[in-house]
Structure formats: structure tokens, C-alpha cells
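Here are my notes for your next look at the model, set out as numbered points. Please keep the structure open beside you as you read.

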Amino acid sequence: MNFKTKILFLLIPLSLLLSGCGLWTDFTTYFNLYHNAKTLYYDAEELIIKERKDIFFVSEAAIPAGANQNLPKVIEKFSKLLQFHNKSSYVDDALFLIGKAFYYQKSYIKASRKFQELIATQPNSSLVLDATLWLGKSEMQMKKFDSGLKYLDEAKQMALKEKNNDILSEVYVEEVRYLKFQEKFAEAVQKLRDIVALDLSDELSAKALFETGELLFRKLDNPTEAATAYKTTLDFSPPFDVEYNSRLNYSICLREMGKLDESQANLEEMGREFKFLEKIDEIYLQKGLNLKRMGKYDEAYKQLYVLDTLAQNSVSSGVARFEMGDMFENNLRNFDSAFVYYSKAEKSASTVDYVKKIKEKSALFKRYEGLQTNLYVYTRQLAYLADPIEFKKDSLNFYADSADARLADLFKPVEQLTDSAKRALDSLKAIKDSLDNLAKQGGQPGGVVQDEEELVVGRPKGEGDPEGKGPEQGLGNQPVTVQKKGWAPVMPQISADSLRSLLSKVYFDLGNVFFGEIIIPDSSYHYYTLLLSEYPGSKFTGQALFSLGSYYLDKNEKSTADSIFQVVYDNFQNESVVNLAADKLGKPKILLNASPADQLFEEAEKVYYTKEFSTAVQKYYSVFRLYPETFTAPKSLLAAGFVLENDLMLRDSAFAVYDTLVTRYPQTRFTNKIAPKVNFYKDERAKAKKRIDDSLKAIQDSIVADSIAKHAPKIDSTATNKTITDSTGSEKKDPPTNPAPPEQIEEKKQDQTIQESPWATLLREETFLISSKKVKARLRNSS
């Protein structure tokens with residue numbers, strides 16, 4: 001009950017006597033709206049805080065369903081209070097709690113407005129500090145980091161001044177969340193250490209130390225300092241979940257530091273404490289991982305097997321199954337068991353870190369197991385075609401296994417059996433007798449090894465097995481076939497050659513699996529050599545040889561590898577693997593599946609590299625002329641144009657070829673490269689032609705004008721005789737004022753003679769033609 005509520009209850013009698021209007025308003029407002037809304041709000045906030053597992057988590061967690069139902073009611077009731085009782089003393093509380101309700105609903109814009117309204121309209125309220133903090137938090141959630149950090153700093157300074165440790169704690173937590181979001185983990189660690197140094201509360205210090213350990217271990221890869229942080233957490237009386245996780249992660253850090261015995265001792269101690277009984281599956285998992293790291297595989301298997309059987313639905317069981325699969329794959333080399341546990345892990349719950357790894361391993365071993373099954377089936381079916389009695393043996397052996405199971409159920413005194421059960425027992429006994437006779441005649445039925453465990457080609461023995469040999473010792477650990485119990489024998493419906501082809505592919509695929517995925521090179525060597533020895537004419541021969549070369553290259557036997565690559569290069573020039581070998585040998589690549597157009601283009605390429613550019617252009621262009629519909633045609637035009645432009649410096653000819661390319665093949669990628677250049681060239685030619693035409697027209701106009709000026713009759717006003725009439729009536733011409741010299745008169749006569757000559761027009765046309773050619777030549781040279 002807050003201070004305002006206590007005062008109200010103390011003053012109720014007095015209010016009835018004095019009938020104070022303002023006090024009575026607060027009283028009715030409290031019970032009608034504020035009390036109900038506040039109760040709903042704190043119920044919702046309690047649920048939200050209870051669900052919050054990590055106060056340093058970057059984003060706000062989803063709110064529980066119950067809280068989600070209460071918050072809209074809180075907003076509605078407080079909004080009515082503000083609307084109808086805006087003079088009461090609860091206005092600041094209403095604004096603040098509406099803002100927090102919006103914040104929890106992740107309506108950060110609305111929340112920010114309410115906090116700002118409170119600060120602006122209620123400057124003397126005791127909630128201004130809280131509102132400033134939550135305003136900063138709202139801005140940070142909207143990624144407005146500058147303003148958010150400013151408000152947080154204001155809240156920090158006010159909290160320090162008022163010695164409000166709760167607000168100060170929240171500010172520091174928000175700053176750590178921001179640094180984590182920015183992935184500034186080293187700065188976040190320092191901020192967390194500042195929190196511990198301030199000693200605001202034991203719980204906050206414990207959580208800050210635990211978060212320090214998390215960042216150091218998982219983000220900064222520093223298990224030594226992380227272990228110290230986890231261990232120090234226990235000095236601050238942490239909550240149960242922080243204490244448990246700190247102790248568990250401390251043990252994990254010790255394992256990463258190589259202190260396996262100390263880690264195991266700490267886990268053993270945790271396992272004996274009753275308060276950790278509900279977490280015993282996680283403790284067992286870490287103990288099993290420690291034993292696996294120690295190389296104590298039998299003990300590790302027993303420890304992890306407990307989780308596989310007794311905690312089947314837990315996350316720890318999913319992780320334990322993956323770790324058992326990994327142990328069988330990489331430590332014990334038992335791929336059957338690895339396949340089983342990887343498959344079980346895929347169907348189990350697990351942590352985020354393991355989900356991707358489980359899917360990848362499960363898919364790989366499903367493929368591997370399928371290849372092993374095919375290997376056994378195809379091998380046995382070949383045996384059936386060679387000797388049909390093998391099919392009968394396998395069939396009897398298969399049904400005998402079923403009979404053994406039935407016999408176990410029927411193993412009762414005969415008199416207690418029903419008639420149908422007695423008949424079944426007789427049939428089963430007959431089958432066993434037949435099997436015994438076959439075994440006496442031809443050895444063990446089925447012609448396969450009858451060990452308790454299944455044997456698989458390419459599965460190495462466990463570590464330290466004296467029979468395990470590499471390829472140089474003949475691979476003594478490799479059996480011939482796999483016995484797949486539970487497979488019902490079936491006579492093949494395809495020929496022996498088809499079965500051999502399928503077997504060759506299985507050998508090749510198994511070699512690839514061991515070479516590139518499971519990474520056991522000696523087993524890949526076994527399958528590749530098996531393929532080459534048993535099926536030398538297979539379509540996988542070239543690829544298998546190249547893989548063998550890569551195997552020797554990985555073993556630093558370069559000379560052997562190069563000799564194998566040379567065999568591939570010389571003998572498999574129609575397969576893509578030849579160019580892989582060419583890369584290894586540093587030799588020219590081979591053109592595969594070449595059409596006539598491709599072959600002609602390659603010839604042109606070879607000629608070009610000999611610097612016979614004119615011949616190369618002819619060959620390139622002949623590809624277009626002979627095979628215009630092929631994809632090689634536009635490529636050859638581009639090559640021809642390139643040589644003309646850059647090597648022969650014949651740009652007009654290059655443009656003609658490029659123009660053909662753009663016109664004939666407008667949609668090819670080769671056209672896209674050259675089209676801008678062709679368009680630019682066309683524009684420039686058009687501009688040059690216009691300049692020439694304009695110059696020619698100007699010359700023509702000038703010549704015509706000169707001709708007109710030269711041959712037009714001239715009228716000299718000074719030389720014109722004036723007619724004068726004298727007194728007698730007779731006309732008399734005045735003499736010219738400035739008579740022309742005799743030579744000018746003679747020149748005019750000559751000009752008139754030329755103008756009247758029939759050769760005058762021809763002479764002008766020849767002059768114009770000669771001038772036009774000279775202009776064109778000058779313009780061509782200048783362009």
C-alpha cells in the first residue's frame with residue numbers, strides 16, 4: 001500500500017466531517033478506477049517479470065497470455081481516469097502506468113509519448129525519474145540510440161543524486177543490452193564489472209557475474225576468465241537458476257581448459273546434491289562428455305546410454321545421442337552404431353547448437369547406410385545368378401531367423417499347445433532340420449560370415465586393432481560383403497552386367513563418401529582400387545583414377561599422383577575429368593563434346609595465338625558463314641571484330657563485323673557487350689557525314705554564287721550616256737563621266753565570249769567535282 005493510499009484511509013472519517021471536495025474526489029477516484037486498474041496492472045507485471053529469464057537479453061520477451069489480457073483493460077481504465085478525473089492526484093500514476101502498459105505491449109511510440117507527457121505536464125511528480133528511465137528504454141527499443149542513451153544518462157545522474165539504486169541498476173542493465181546488440185562484447189564485460197563494483201544488490205551482482213562468464217566463454221572464447229567469473233558468482237548468494245548454471249558452466253570451462261579431473265569432480269559433487277535432482281540429466285550429459293574427452297569410451301557410452309533410455313524426451317537425450325553417434329563414428333569407427341544414434345538424435349529434441357549438426361550427420365549416414373545395403377544386395381544377387389542354390393540358402397537362413405523368434409514364443413510343453421501352434425512348431429522344426437542338412441553339405445548357410453556383429457566393407461576396426469591396415473598393407477580390415485540381417489532375399493530381375501554396373505557405381509560412391517565426407521582416405525583408397533580391379537571398363541574409371549591421384553597428392557606423393565593424372569589426361573579426353581587432370585598437370589584443357597562450329601572456333605583461336613591475325617579473322621568469320629544458327633556464331637563475330645579493331649587496327653571493318661553481330665544476334669550476351677560501342681560509332685559516322693554534306697553544300701553554293709557574280713552583266717551608272725534634247729529637237733548623248741579603261745573593256749568582251757561558249761558549263765562542273773573530292777579527302781583525314 002503506497003503513501004497516498006495510507007493517507008486516504010486515515011482521512012476517511014475527517015473527510016466525512018469536513019466534506020472536503022478535493023479529498024472526496026481522490027477517494028472516489030481511487031476506489032472506482034485507480035485501485036482496479038492498478039491491481040490489474042501489477043498482476044500483469046508480476047506474470048511478465050516471472051517469465052523473464054535473462055535480464056540482459058537484448059530484446060524484450062513475449063508477454064504471457066494472462067498479462068496480455070490485462071494490459072488493454074489497464075490502459076482503458078487509466079484513460080477514463082485521465083478523461084473524467086483529470087484534477088485528481090492520480091494523474092501522474094495513470095500516465096506512468098499507461099506508458100508501461102504500452103511498453104510491455106511493444107507499442108513503444110505510444111509508450112514514449114505517455115512518458116514525455118508525464119515529464120512535461122507533471123514536472124514536480126515523484127515519478128519523473130522513473131518516467132525518464134522508461135522513456136530511455138522505449139527509445140532504445142525503437143533503435144533511437146542517441147536519444148535513448150541521452151535519457152538513460154539523465155536517469156543515471158538523477159538516480160545517483162537521489163541514491164536510487166533500483167533505477168541505477170535498470171540503467172546499467174539497459175546499457176549492457178545496448179552494447180550486446182552492437183556486438184561490443186568487451187565493452188559489455190567492462191560495464192558488467194562496473195555493476196559488480198557498485199554493489200547495488202547481491203542478486204544483480206550475481207547475475208552480472210554470470211553474464212560476464214557467458215560473454216567471455218561464448219563470445220570472446222576465453223574459458224579461463226569465464227571460469228573465474230562463473231566461480232565468483234557463487235559468492236553473492238545467487239538465485240537457484242543462476243547458481244546451477246554457473247556451477248555447470250564452470251565445469252564446462254574446466255573441460256575446455258584441459259582440467260578434466262577437476263571438472264568431473266565438480267560434476268560428481270553437483271550430482272550428489274538433492275537440490276539439483278531435477279537437473280540430473282544435464283549433469284549426466286556433461287559427465288559423459290568428460291569421459292569421452294578422456295578417451296574412456298566404455299564409461300562414456302554407459303553414462304550417455306542412461307540418458308538415451310531414462311530421459312528419452314529431454315533435450316539432454318538428443319544431445320547425448322548425437323555425441324554417441326560422433327563417438328562411434330570418429331573414435332570407435334563403428335558406422336552401424338553411428339548411423340543408429342544419429343538417426344535417433346534427428347527425432348529427438350536438442351539445443352540450437354546441435355540442430356544443424358544432427359541434420360547433416362543424419363543425412364550423411366542415411367546415404368552411407370543405403371550404399372552399404374545396396375552393396376550387400378547387389379553382391380548377393382550376382383551370387384544368385386551364378387549359383388541359384390545360394391538363393392535357397394539365403395532364403396532358408398532368413399526364415400530360420402524368423403523361426404527362432406517364433407520358437408522362443410512356442411517353447412512350452414507340447415501338451416499345452418493348441419493344434420495350430422503344434423503345426424507351426426512342426427513346420428519350424430522341419431525348417432531347422434533342412435538348414436542343418438545344408439550346413440553339413442556346403443558349410444554355413446548363406447556363404448557369409450556368421451558373427452554376432454554385422455561386418456561392413458570399409459569400416460575400420462577400433463583404434464589399436466592390430467588388423468587395421470592401410471592400402472600399402474592390403475587393407476586387412478576390409479571384409480568382402482555386408483550381411484544385412486532382416487533383408488528378404490530376392491532373385492534379380494536384371495542381367496548380371498546391369499548388376500555389375502550398379503556395383504561399380506556403389507564402389508565409386510562409397511569411395512567418394514570416405515574421401516570427401518566421412519574423411520577416411522584409406523577406406524576411399526580401398527573402394528577406388530576395388531572398382532578399378534573388378535570393373536576396369538566402368539564409366540567411373542577415369543574419375544576413380546583422378547580420385548586416387550588426389551589421394552596420393554594428399555599424402556605428399558606428388559610423383560605418383562602426377563603419373564596417375566597423366567594417365568587420366570592421355571586416356572579420358574572425352575570426359576570432363578580430363579580437364580581436372582589438366583589443371584593438376586598445368587596442361588592445356590581439352591574441348592569436350594565439340595560441335596563442328598566449336599572445333600573451327602578452336603582452330604581460329606590457335607591461329608590467333610600464333611599472331612596470324614588476318615588468317616584468324618578469316619577463320620572466325622567462316623564460323624558465322626558456315627554455322628550461322630549455332631551459339632558459337634555470335635561469339636566468333638565478336639572475336640573477329642576484336643582482332644580487326646585491336647590487332648589489325650581496321651576500325652571500319654571491325655565496325656562492319658560488330659554491326660552484323662548486333663543486327664543478326666540482338667539478344668545474345670555478346671551483343672550486350674558490343675552494342676554501346678556500335679551505337680556510338682554509328683552516331684559519330686552520322687555526324688561526320690553531316691559535316692561533309694554541309695561542307696559540300698557550302699562549297700557548291702559558293703561556286704554558284706561566284707559564277708553568277710562573274711557572268712552576270714554589269715551596269716556602270718557612270719558609263720551610261722545621258723540623252724539630251726536640244727533646242728532643235730534632236731537627241732544628244734552625254735559622254736560618260738568616267739570612261740572605262742580600254743583593258744577593262746577588252747576583259748568584259750572576253751568574259752562575254754566565255755559565257756556564250758558551249759564549254760562554259762562543262763568547265764564549271766569539273767571545277768565543282770574536283771573541289772568536292774578535295775574536301776572529302778580532307779574531312780576523312782581529319783576524322
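1. Let's begin with the largest pocket of this predicted model. Its lining is made up of 46 residues, and those nearest the centre are Glu 214, Arg 218, Asn 249, Thr 351 and Asp 353. The space in this pocket comes to about 1,700 Å³.

2. Which elements give two or more residues to that lining? They are helix H8 (165-181), helix H10 (202-219), H12, H14, helix H16 (315-331) and H18. Helix H12 provides the largest share, with 9 residues. Sorted by class, the lining of the largest pocket holds 19 charged, 7 polar and 20 nonpolar residues.

3. Next, the second largest pocket, with a volume of about 870 Å³. Here 36 residues form the lining, and Ile 49, Arg 52, Ile 55, Glu 170 and Val 173 are the ones nearest the centre. Two or more lining residues come from each of helix H2 (21-51), helix H4 (91-104), helix H6 (128-141), H8 and H10. The largest share is that of H8, which gives 8 residues. By class, the lining of the second largest pocket has 16 charged, 16 nonpolar and 4 polar residues. If you are colouring helices, note that H8 and H10 appear in the list for the largest pocket and again in the list for the second largest.

4. Now to the charged pairs. Side chains of opposite charge can pair when their charged atoms come close. With a cut-off of 4 Å between nitrogen and oxygen, the model has 37 salt bridges. One of them joins Arg 247 and Glu 273, with N to O at 2.8 Å. Arg 247 sits in helix H12 (residues 240-256), while Glu 273 is in the loop between helix H13 (260-272) and helix H14 (280-294), so this salt bridge ties together parts that lie 26 residues apart in sequence.

5. Are the two partners in this pair buried or exposed? Arg 247 is buried, at 9% relative accessible area, whereas Glu 273 is partly exposed, at 23%. The cut-off for buried is under 20%, so the two partners fall on either side of it.

6. A second pair worth a look is Glu 346 with Lys 366, whose closest N and O atoms are 3.0 Å apart. Glu 346 belongs to helix H17 (residues 335-346) and Lys 366 to helix H18 (residues 352-386), so the salt bridge connects parts 20 residues apart in sequence. Glu 346 is partly exposed, with a relative accessible area of 35%, and Lys 366 is partly exposed as well, at 44%.

7. Lys 589 and Asp 583 also form a salt bridge, at 3.7 Å from N to O. Lys 589 is exposed, with 55% relative accessible area, while Asp 583 counts as partly exposed at 48%. Elsewhere, salt bridges with shared partners link Glu 243, Arg 247, Glu 269, Glu 273 and Lys 275 into one network.

8. Finally, a word on confidence. The chain has a mean pLDDT of 80, and 76% of its residues reach 70 or more. In residues 14-22 the pLDDT is below 50, and this stretch makes 4 contacts beyond near neighbours in sequence. Residues 745-772 also have pLDDT below 50, with 13 such contacts in the model.

Definitions and conventions
Residues numbered from 1 in each chain as written. Heavy atoms only, no water. Salt bridge = Lys/Arg side-chain N within 4 Å of Asp/Glu carboxyl O. Helix = DSSP H or I, 4+ residues; strand = E, 2+ residues; numbered from the N terminus. Buried < 20%, exposed > 50% of the residue type's maximum accessible area, 1.4 Å probe, protein only. pLDDT = per-residue confidence, 0-100. Contact = heavy atoms within 4.5 Å. 1 Å grid on protein atoms, 1.4 Å probe; cavity = no way out; pocket = protein on both sides within 12 Å on 5 of 7 lines; lining within 4 Å. Points joined across faces, edges and corners; volume = space filled by probe spheres on them. Nonpolar A, V, L, I, M, F, W, Y, C, P; charged D, E, K, R; others polar.
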